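Biologist: I would like to learn how to read a structure one feature at a time. Could we go through one together?

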Amino acid sequence: LEQNFNFGDDLWPWFPGGYGSPGVTMHILTGYARLGRLVGDASLVKKPSVCPRARKGLDAWMVRNIDERHDLEFSISSMDLRWLYLQSFDGSTSKHRDLLLQHLRKEWQSFGIAGQSLAALVLARGKDTELAHAILASLKERAVRSDEFGLYWKRSTFFDCSLFAAPVSDQALAMEAFAEIEPDDWQAYEDARLWLLEQKRTQNWSTPVSTVDAVYAILLGDGS
């Protein structure tokens, strides 16, 4: 994979020969981190044999981006949340992570479904379980439940150019948060999975990224 780096930024491009993309790089590294969690090797994404240049390149890009924005009226972005989520798999720490966590705790109520699910996972892995449970309680309070479609959230018309944005991905992240943070309430995970599977049966999972997210969320259960 690393032979596809261009222009010395150590980031993977959208297409061969293109400029490096932090979003694409985040997606690939997150896939490795999730694989490590499924096989019981949380440090997989940091191993010398697995994309060390990409991790360093992404971290360097994020640090520059945060520093450039910090002199402005700073607020946490979706990329910031994704970076915190990636770091939470192996417990990486830094002053930039601490800064983002401060803003996460203050701003989580303004996040969407995906953002709040990511926030809850990051906080729970960092041992801030009280706020993580509060975020999940908020998600459940705003959810719609039905016998036919399970547990889901009403959304406005979907239009977002982000690599990660899609209702299926939002649902998958909520399922991940339910499964990991509140395993005693497995019904919430099962009900959310019903909506996900109904989307596949009646429509589709919309994008390759959504499909990867959905498959990972299902594998966190019994895989069926």
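Biologist: Which residue lies over the face of W205, and at what distance from the ring centre?

Modeller: K200 lies over the face of W205, at 5.1 Å from the ring centre. There is another case of this kind: R125 is placed over the face of F89, 4.3 Å from the ring centre. Keep in mind that this is a predicted model.

Biologist: How many aromatic pairs does the structure hold?

Modeller: It holds 4 aromatic pairs. One of them joins F149 and Y152, whose ring centres are 6.5 Å apart; their planes meet at 85°, so this pair is edge-to-face. The cut-off behind that word is an angle over 60 degrees.

Biologist: Are F149 and Y152 buried or exposed?

Modeller: Y152 is buried, with a relative accessible area of 18%. F149 has 31% and is partly exposed. The label "buried" is kept for values under 20%, which is why Y152 receives it.

Biologist: Since the model is predicted, what is the average pLDDT of the protein chain?

Modeller: The average is 86, and 86% of the residues score at least 70. Look also for places where the score drops. Over residues 156-163 the pLDDT stays under 50, and the model has 9 contacts there beyond four places in sequence.

Biologist: What is the pattern of helices and strands along the sequence?

Modeller: The protein chain has 9 helices and 2 strands. Reading along the sequence gives α-α-α-α-α-α-β-β-α-α-α.

Biologist: How many residues does helix 8 have, and how far does it reach?

Modeller: To check a helix, compare its end-to-end reach with the expected span. Helix 8, residues 186-202, has 17 residues and reaches 25 Å from first C-alpha to last, close to the 24 Å expected at 1.5 Å a residue. Helix 7 has 15 residues and a reach of 21 Å, close to the 21 Å expected. For the 14 residues of helix 6, the expected span is 20 Å and the end C-alpha atoms are 20 Å apart, which agrees.

Biologist: Which residues of helix 8 are buried, and what covers them?

Modeller: The buried residues of helix 8 are A188, Y189, D191, A192, R193, W195, L196, E198 and Q199. Their cover includes helix 6, helix 7 and helix 9, together with strand 1 and strand 2.

Biologist: How many residues of helix 7 are buried?

Modeller: In helix 7, 13 of the 15 residues are buried, so this helix is largely enclosed by the rest of the structure.

Biologist: And which residues are buried in helix 6?

Modeller: Those are L131, A132, I135, L136, S138, L139 and K140. Helix 4, helix 5, helix 7 and helix 8 are among the elements that cover the buried residues of helix 6.

Biologist: What does L136 touch?

Modeller: L136 sits in helix 6 and is buried, at a relative accessible area of 0%. Not counting residues up to four places away in sequence, L136 touches A120, A177, F178, I181 and E182. Take A177 from that list: 41 residues separate A177 and L136 along the chain, yet their C-alpha atoms are 7.8 Å apart.

Biologist: Which members of the largest nonpolar core touch the most other members?

Modeller: In soluble globular proteins, nonpolar side chains tend to be buried together. Here the largest nonpolar core has 63 residues, and L58, L104, W153, F178, I181 and L196 touch the most other members. Apart from its neighbours within four places in sequence, I181 is in contact with A120, L121, A124, A132, H133 and L136.

Biologist: What percentage of the residues in the protein chain is buried?

Modeller: Of the 224 residues in the protein chain, 50% are buried. Contacts can also be sorted by sequence separation. Among those with a separation of 6 or more, 59% join residues 24 or more positions apart.

Biologist: Where is G31, and how far apart are the C-alpha atoms of G31 and Y216?

Modeller: G31 is in helix 1. Its C-alpha atom is 9.1 Å from that of Y216, with the two positions 185 residues apart along the chain. At 32% relative accessibility, G31 is partly exposed.

Biologist: Which residue has a positive phi although it is not a glycine?

Modeller: That is K127, with a phi of about 75°. K127 lies in the loop between helix 5 and helix 6, and its relative accessibility of 71% counts as exposed.

Methods:
Residues numbered from 1 in each chain as written. Predicted model: local features only at pLDDT ≥ 70, side-chain atom pairs only at ≥ 80, totals over all residues. Heavy atoms only, no water. Phe/Tyr/Trp six-rings, centres within 6.5 Å; stacked < 30°, edge-to-face > 60°. Buried < 20%, exposed > 50% of the residue type's maximum accessible area, 1.4 Å probe, protein only. Lys NZ or Arg CZ within 6 Å of the ring centre and 35° of its normal. Helix = DSSP H or I, 4+ residues; strand = E, 2+ residues; numbered from the N terminus. Expected span 1.5 Å × (residues − 1). Contact = heavy atoms within 4.5 Å. Core = buried A, V, L, I, M, F, W, Y, C linked by side-chain atoms within 4.5 Å. pLDDT = per-residue confidence, 0-100.
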